[in-house]
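Reader: I would like a close look at one part of this protein. Please take the nonpolar core and a buried residue beside it.

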Amino acid sequence: MIDYNKKIYHYLILFVLTPCLLTNNCFAKAKNYKKILHPADTAQYSSRLSPKNTTSNSPFFKKQRKDGFIALPLVYYSPDTRWAAGGMVAYHFKFITPGKKAAHSRLSYIQLTSDYTQNKQLDVWGQWRIFMNDNDYIWSGEARYRNYPDRYYGVGNLTLNDAEETYSYDLLRFQSRVSRQLVKNVYLGLDYEISKYYNMTLQQGKSLETSEVEGTKGGVNSGLGLVFMIDTRDNVVSASKGFFLETSGYIFNGVLGSNFNYSNYNFTFNKYFPIGQKMVIATNTVMTLNTGEVPFVNLARAGGNSVLRGYAQYRFRDYNFIASQVEYRYMFLKRFGMVAFAGLGDVFNKSEDLDADALKYSVGGGVRIALDAKEKINLRVDYGVGRDNNGVYVSVTEAF
């Protein structure tokens, strides 16, 4: 159990109140919002219904003949994987509620990604996000298998490169979230996730084997969470205006079949400022807090392809994490663009662990290639630099 002091909760209160102040009372203006929320959806577009779509008798939804298919080979390099190769297949579509205009329906998608890395890591990952009943309901989730050799440096924000040790494990994970719209743009969701860690292999004589680090024997991690979201973005894949707010809390407990007992709390706030029609300033602030017996593979971490790009995702880990970043985006041609970004943050146990001299910074830039210019689905290639770390990241859609 972690003994938090009051400063952590002061930070939490500040982070929760700031978005509402910036958005001029987000609840009071909820009825005036014109966009429906979700963090990996795309913007609304008008389109004609095919005659085949006008005869459905379904009272809940019907499928629109406005769909698309993307198949993309992937070759990339990151600090976590070294060189990697694989592919991504995505199918996007819309469901239209009988009697409603097509523009009211959000884009749904199903995506499958698979890659194999120079570090002998295999990852097969399926995701879906489906909007139903005129966007009143959102069903999202993922199913994943990973065989993942990785590196461990200890816990804390001052761990040394010389402390590196290796471990590997297999992961099976399933997550399913159902969200219900309360008022325009405001959703409340119930989220369940279960993961199984097995075939855990540790380096002999190193700290993971000799110390009592939680989770080194593998096990089942099962939890239930409540998620609250507000979204006014014009396009949540590549937004140019609006904001996105999400807060969530999860309980992992033996009652749910978990071998680990802990709580997890998360906060995300994104804000977008348009500069003309081609340029955008985007900001992103995130925070993660954990209490209890957290398995080491689920500790909060700095780095990855979205926050603090430039650090290997598991290079620094601890019970908590806080970071903020800003990104300049410029689409100078219809299908080509460029970005520049900078971020600052760190992992920590107690608030006193946050030292200005040890904070992790990230700076870098990248290019964008539109795979679907209308829906603003972009291929993202970024290069990030941090403290003695750097990496190239390839993904579809923006980092935030």
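Author: Here is a walk through the core, and then through one polar residue. The model is predicted, so local features need pLDDT of at least 70, side-chain atom pairs count only at pLDDT 80 or more, and totals for chains, interfaces and linings use all residues. Residues are numbered from 1 along each chain as its sequence is written, and side-chain values use heavy atoms, with hydrogens and water left out.

A nonpolar core is a set of buried Ala, Val, Leu, Ile, Met, Phe, Trp, Tyr and Cys residues joined through side-chain atoms within 4.5 Å. Buried means under 20% relative accessible area, with a 1.4 Å probe and protein chains only. The largest core has 22 residues. Tyr167, Tyr169, Tyr197, Met200, Phe296 and Val297 touch the most other members. Strands S7 (165-183), S8 (186-202), S9 (219-231) and S10 (242-252) each supply at least two of its residues. Strands here are DSSP runs (E, at least two residues), numbered from the N terminus.

Take Tyr169. Leaving aside neighbours within four places in sequence, its contacts (heavy atoms within 4.5 Å) include Tyr197, Met200 and Val297. Arg146, Asn147 and Tyr148 are also among them.

Now Asn221. This residue is found in strand S9. It counts as buried because its relative accessibility is 1%. Its side chain joins that of Tyr262 in a polar contact of 3.0 Å. Such a contact is a pair of N or O atoms within 3.5 Å; within protein, one must be able to donate a hydrogen and the other to accept it, and residues adjacent in sequence count only if both atoms are side-chain atoms. Beyond four places in sequence, Asn221 is in contact with residues including Tyr197, Phe252 and Asn298.

Conventions
Buried < 20%, exposed > 50% of the residue type's maximum accessible area, 1.4 Å probe, protein only. Helix = DSSP H or I, 4+ residues; strand = E, 2+ residues; numbered from the N terminus.
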